[in-house]
Structure formats: C-alpha cells, structure tokens
Amino acid sequence: MNDFLFAMIQSELEDAVGQENCSANPIDKLVHSVDYFWLSRMWADRGRRMPEADIIVSPQNAHETSAVLKIANYYKIPVTTWGAGGGTQGGAIPVCGGILLDTKRMNKIHQVNTDSMYIECGTGIIYKHLEDIANDYSYTTMHYPSSLTCSTVGGFLAHRGIGVVSTKYGKIDDMVLQIELVLPNGDIIETSPVPKHAAGPDLNQIFIGSEGTLCVMTKAQMRIYVQPEERRFRGFLFKNISDALKAGKELLQKIKPSVMRLYDEAETISIIKKIVGVSKKGAFMNIALEGIAEIVAIEEKILLDVFKKYGAEDLGNEYGEKWWKEKITFFYPGHALDLPQMFGTMDTIAPFDKIETIYWAMKESIETNFPMARFIAHFSHWYEWGAMIYDRFIVDEPPADPMEALRLHNQIWNCGVRAALANGGVLNDHHGVGIKLGRLMKEQYGSAMQVFEALKRQLDPNQILNPFKLGL
Amino acid sequence: MNLSQKNKETINSCRFCWMCRHICPIGNATGQERNTPRARALGMSFVLRNNEKPENIINNIYECSLCGACTKECVTGWNPVAVILEARREGIFAGIVSDSIKKMIGNFEKTGNIYGITKIDTELLNEIKSLPPKSDTLLFLGKDTTYKNPQGALNAIRLLKKIGNDFTVLSDEPDSGYAIHFLVGSTAETKNLFNETAKKLDFETIIVYDPCDAKIFLREYKEWGIDVKSQIKTWTSHLAQQIENGTLKPKRTDLSLTFQDHFALARDLEETEPARKILRACGSIREMLLHGKETVFAGSLLMREYLPNEINLVAQERWNSVINSGADVVVTCSTAEYICLNENKIEQKSSVTQLLSIEELVLKCL
C-alpha cells in the first residue's frame, strides 16, 4: 500500500476510535506481534521479527468496533483481534498485517446484576479484574485458570477457555449468558437473552470458540456465584494413572468435586515434587470439594470410600491446600517451562473408554518418533463421561536455527495430535486452535469443516477477520 | 543499552511472562498493551538484540510509574523497576529522551524543581517565615507540596502547630532527589544531589511530608551509603505517634473512611498501619479491595507533566475502587495523589465520596 493511501486509512481509523487510540508506532506494533505461542517467543528470542500489524486500534465499544470493521471491509484489510495476548496458539498474531484491534479499552463494568447473578462487562476486561468486582460484591466468577491475570473475558470466550474448578462449575461457555458482538460487516448484534432455549440453535455456541474469525465480541454477561461456605482439599497418591482414572470416573457418578487433577508419574516426580512437595512415586491426584459445609462433609466421606477401593493413598489436605495456594506459581519464570526449552501443551479430551488409550498412544508416538522429547501429562478437567489430558512435550535442547526449530515443533505437534485424533480424541480441549493447529482442523472435521467454511463465507465474504486462524 | 547482567536476566524473564500484566496501573487505565511489564521488557529485549532502535522504545520506558506493583506481584522475585531506572539512565546518556523530559531536567537545573517554578506561594512563605528558623525538628515539605499544593503545606504546618510541636520549615528547602532519580535513574549526578541535600539536613528529626521523598531518604540514600544523621519519620507515622502518646486527640466521627495507600509508603517502606491508626481515631475504615501493599497508584504530578491524559485516566480508574469501597471519604497522604484524584473525580450515582488529605481529616476532627 502506498504511503498516501495508508495515511488516508489511518486518518479514517483515527476518526473512528480517536487519534490517541490508533497507533502505527514501532513499539505498539512490536508488542502486539509476540503472544504466548511458543513459536512467536522462539522467533523473537532468536532475533527475528514476528509479523506485525500495520496499525493498532483500540475501540471503546461496539460502535467504534463497528466503524473499524466497516473501514476494514471497504479497503479489504485484515483485522486481528487482540485481548491480552496470553493465548498459546498464536490466535492473536497478525500474521497478515493490517489492522490489529485491541479490545482492552472495552473494559467497563456495565451492570452487576445480583438478582440474576451475572455481571455485564466489556469483553476487554482482564478476567482477574472481573473477579475483583465480583469479590467486591461478595461473589465470585468461579473461573480460575492459570491465565486469570493475563487474559480477557473476550479471549476466554474466543477460544472456549476453562478454569481449575471446571468440574463443578463448567467451562467459559457455561458461564456466559448474553453476548454483544460485531459481525465482520459492522452490524452489531446480541445473542439471545439466555442461552438455554429452544428458539433455534444457540447463537452463543456459534461464536464462542470462533477465535476472532467470525466476529469481534464487545460485551458479555458473565455469571457470578455465591462463595462456597467451605472448600476442602484432599491429596491422594495412586499406583498408576489407570487406577486413578477408574476412581475418578466412579466418583463423578456420585458427586461433583470442583478441582480434580491427576498427574501422571512423570509429572508427579517433577513438577508436583518441586511446587507441592510430594516426593513419593506414583500418580498424584488433588481433589477439592466445596459448597455448603454439611454437604462437603458427606461428599468427602464418599470420596474417601471410592478412592480407597482403588488403592489410593490418602495424603490428607496439606498437599491440596499447597497446590491451591501455588496454582499460579506454576506459570512464573523459573517454575514454568521456558526458552531455551521447546515445549507444547497438546490438550485433548475424550470419553473415559478412550482417554487412557489416547494418553499412551500420544506418549508412545512422541517418545518413539522424537527421542529428544520428554512427555509429561496431567488430567485436569473432568466430566461424568470423560476427561481431558493436559499432555506436554519438552525438548531441552531444540535446534538453534529458528526455521529448524519451527519445523521440529510442528512435526511433534502433528505427531501428537494425529495420535489423539486416531484414537478418538479432539484437536484441542481449551487452548484453541489459532495458527498453531489450523492446518489440522480439516483432519479432525473432514467434510464437517464445510459448516464452518460456509459460516465464514457468509459472515465474512472479504475474509478480513483473523485470516488463517482456525483453518479458515 | 548498557544494562547490568541482572537487569538483562530480568528482561529475558519478563519479556515472555504475562503473570503481572493485570497489575500495571498505567496499562489498566490506558488499555494499551505497551503499558505492561512484559511489553516493556519485550521492547528492551529487541533493543538488546540489536533488532529495535532504543529511540523507538524510550517513551514507553517513561510511561512506567515505578510504583513497584509488578515487582511485588512477582513470585520469582524479578524487579522490573530496577530495569526501567537503568534504561532511563541509558536513554539520558544517549540523548534520546523526549523533549518533555529534557525540559523538566532543564527546569531543575535552572530553578531547583522540575516544574520551573521560581516563587513560593506568598501565604506559605509568610507561614514558613513565622516559624522558628532553627529547631530540632524539620518538616520537610518536598517540591510537589511546596510548589503545587501550598494549601496542603499550610494545613500540615497548622496541624503541627496545633499539636504544639516545635519545628522548622526551610524556605530554601533542598531537593530530596526524588524527581531526578525518577527521571534519570542512578547516575553520579543523582548521587551528588543526594550528598548535597544530606549535608544540608542537620536536624535531630525530619518529618517527611511526601512518601516519595521519604522513600528516597530512607531507601535510596541508604543504598548509596549516604548518611543522613537525622531520624527520618514519615508524616503519617509522626501523626500516628502523636495520637498514640495523646498529644493529638481527634474526635471520632460517623464517617466511613478509606485510605489511599501510597505505593512508596506501603511497598517500599512497608508502612501501612500508622495511617490506619489515624483513620480509626477519626472514623471507621472501609478498605478498598486493593489496599495496603496491594495498593494501586493514583497519580503523579511529575508524570502528569509529560503524560497528562494517562495520569488523568489512572486517577479516574482509582476513583472506581474508591466508590466500590462504599466509604464516605477517601483519604490520601501524598500531594500528587491528592491533586490527581481531586481533579479527576468521576460521576457518582448515589452518595458522593469526599476526598481529604490526612491532615485535612485530622483538622476536621479536632
């Protein structure tokens, strides 16, 4: 694009969002080019520049967002939405340049509705700030992912995020009522006032998980919950993950813990030992029960009975409490996986009858094909019908050459994800797809992919929104 | 940029760490991605790899308030504030800082204060002259208060007089070095300034009105091995002590009060209780969600010189917390936060929250 046309478009965008909220400064382009995706970090670490947007805009509301999208449509400029940049899949990286739409100025609290138990907020609010507001009113959001402090409401909705108490309270899609969003053509729409209805398909579920490819979400009503009267932890050590999975499945047919986290033997002797202090061999499992104290006491009795049947060693509440206190520590430098290591979290989910097979298949395929890689895993989100594996590969000494590192990274991902898909798993549980896994979407969906492609064609005929993400 | 090994390591850790991004008061107010510790570190990491020009990131380095919220938040113990200060020094040495920063330094060289103000308010000057020219105790007002908040200075002087304290205020008060340290970091010139000031402070006790100055005297001078022989007391700790020993007896009111902890007091000097002792003597306390060491920066007059819009947004953001606390009154202990909050009151739906400095509160209750 020539300088003159660029300047004309810039002035149009400034008119839409205000000059101070529209930037083509090098620092703004740079900081929006690297997110939490390992490849973007590696690329930057090796002195390479990631693709940068040409201009950064920060609209304050749906109307300003709409104006930006109308301009982008007219000039056919790509628009990538950025929340807080905490995503691991490269979903917020402006791979095609163009406009980067940062949502963080849409961070207002519009309404705290304690009658219907939700807070209506801008999607650019950092989730921790939403939690703070809920706490101010003596409530809580019950969404506590490790990225609580570094992700926005819109970011979690865009990739269908999940928190550590999900087994009892659900994923982000269980926690949202109505969403206001802007379609690629600039139309502002609202999804239905409540999610559970029979007035056709649920619009929320079309846009949640669409990773900025179908819309820009601008406002959401997020549920709030009463603080539990009691939250009680219990740590257990199983001989192996097989027994633990069976115990977990049986437990879920009887009660619903909030936290259920099972660490494989490799993760128990590494990360759990370091952070929580469990030094025994086996598979560590942490359970939290919460709610009304009398009910928690009954649930604890059921928990102990079930787990005893499967030979679990009861480690008491100390480790569980320590885990809860340190649950975010895992992600600080020095505690988290970090460069120069290469690593990736291949979270997948499957029914109980397939989950252990998938675990072993992924482990074997990675360790066999990539002997330089270690494989560790935990099972951190559970349902009555199945569980998710948070399985990670780690390469301590990846290639120094960035292109070679990228190639190896993608080969390991392809291998692990294909092992999951071949055994009945899905591409991803809660981190999303982004640019990292877009190429594998067709392998999961086959001809079902045409549904997404048709939606994309109809809603975004100029293909402006987040190109090449989600395989679209 | 010639940064220490420790600060390079900090940059390498922070550039890809998102854990404290929610805590930056500037970022929360502006909504700009660059206003986060990780973004500042990322920019500097590119400069260190010769892949970005330092002049492209230097303004971002000056957008940090040095409030230390990120440092406090870091479980691993990294200190982004130290990196920022060193980067500012390098920016000054390279001559790449903005004209606004250069102007403030020029003002300081010409007038002894970064605002370039040459005259003290007449009423304040007369009040200062009415005090004994020499006593064992010095009330150190600081530049912000002397030049930007003469009424605050007058209130402080009147309160000490009411208590019956014998004290002096210097009309040619030396500079603590806070502003220059903030702008240029640790340089030989900064140290010279600290030394010169220390030599002029020949008092048994110095009561330091502004938390930023108190932090410099109690923390930075020590780190540089500069000996101030006087006993240094913060304004809040002095007042709390007067309440404790019965020389100051405010009447308790029905007011519910929330205290805006200043970061320099709460985090750098770990002082949170004395102000609460004063508040409890005057009414009941309703804390903001983030208070004490978790406090949120509410404004800086120095930064407002070059980032007026951003600092206004910071103050408005803090008003939200004040209103959420449900208190009748928010009480401040620094001139900068008092002025910034006062000038950025936000619309309130129901009852209106008042703003008082801590001396205004006490005077009201006497």
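**Exercise 1. The interface of chain B and chain A**

How many residue pairs are in polar contact across the interface of chain B and chain A, with both at pLDDT 80 or more? Then describe what chain B brings to the contact.

*Solution.*
Step 1. Bear in mind that this is a predicted model. The rule finds 17 residue pairs in polar contact across the interface of chain B and chain A, both residues at pLDDT 80 or more.
Step 2. Look up the elements of chain B. Helix H2 (25-30), helix H3 (37-48) and helix H4 (54-61) of chain B each give two or more residues to the side that touches chain A.
Step 3. Rank them. H3(B) supplies the largest share of that side, five residues.
Step 4. Add the charged pairs. Chain B and chain A share five salt bridges. One to find in the structure joins the side chains of Arg49(A) and Glu52(B), at 3.1 Å from N to O.
Step 5. Count the residues in contact. On chain B there are 33, and they touch 44 residues of chain A.
Step 6. Turn to area. The size of an interface is often given as the accessible area lost when the parts come together. Here chain B and chain A bury about 3400 Å² between them, with 59% of it on carbon and sulfur atoms.
Step 7. Name the top contributors. Phe16(B), Trp18(B) and Met19(B) supply 21% of the area that chain B buries against chain A, more than any other three residues.

**Exercise 2. A sheet in chain A**

Which strands of the four-stranded sheet in chain A stand at the edges, and why is one side of each left without a neighbour?

*Solution.*
Step 1. Write down the order. The open sheet of chain A runs E1-E2-E4-E3, and its pairing is mixed.
Step 2. Read off the ends. Strand E1 (22-23) and strand E3 (79-82) of chain A are the edges; each has a single partner strand, so one side of each has no neighbour in the sheet.
Step 3. Check one pairing. E3(A) runs parallel to strand E4 (residues 99-102) of chain A, over four bridges. Within E4(A), Leu101(A) is the bridge partner of Thr81(A).
Step 4. Add the helix. Helix H1 (residues 3-17) of chain A packs on this sheet and touches E1, strand E2 (55-57) and E4 of chain A. Its direction makes about 10° with that of E2(A).

**Exercise 3. Two domains of chain A**

Which salt bridge joins the side chains of Glu267(A) and another residue, and what else links domain 3 to domain 4 of chain A?

*Solution.*
Step 1. Place the domains. In the domain assignment, domain 3 of chain A covers 230-331 and domain 4 covers 342-457. Their C-alpha centres lie 25 Å apart.
Step 2. Size the contact. In domain 3, 19 residues touch 17 residues of domain 4. The two domains bury about 1600 Å² between them, 60% of it on carbon and sulfur atoms.
Step 3. Count the polar links. The rule finds two salt bridges across this interface. Glu267(A) meets Arg392(A) in a salt bridge, at 2.9 Å from N to O. There are also eleven residue pairs in polar contact, both at pLDDT 80 or more.
Step 4. Find the elements. On the domain 3 side, helix H9 (241-252), strand E13 (259-263) and helix H10 (265-275) of chain A give two or more residues. H9(A) gives the most, with seven residues.

Note on methods: Residues are numbered from 1 along each chain as its sequence is written. Chains are lettered from A and ligands numbered from 1 in the order in which they are written. This is a predicted model: local features need pLDDT of at least 70, side-chain atom pairs count only at pLDDT 80 or more; totals for chains, interfaces and linings use all residues. Side-chain values use heavy atoms; hydrogens and water are left out. Two strands pair if DSSP finds at least two bridges between them. Contact means heavy atoms within 4.5 Å. Axes are lines fitted to C-alpha atoms, for helices over the stretch in contact, and angles run from 0 to 180 degrees between N-to-C directions. Domain bounds come from an automatic or database domain assignment. Buried area is the accessible area (1.4 Å probe) that two parts lose on being put together, summed over both. A salt bridge is a side-chain nitrogen of Lys or Arg within 4 Å of a carboxyl oxygen of Asp or Glu. A polar contact is a pair of N or O atoms within 3.5 Å; within protein, one must be able to donate a hydrogen and the other to accept it, and residues adjacent in sequence count only if both atoms are side-chain atoms.
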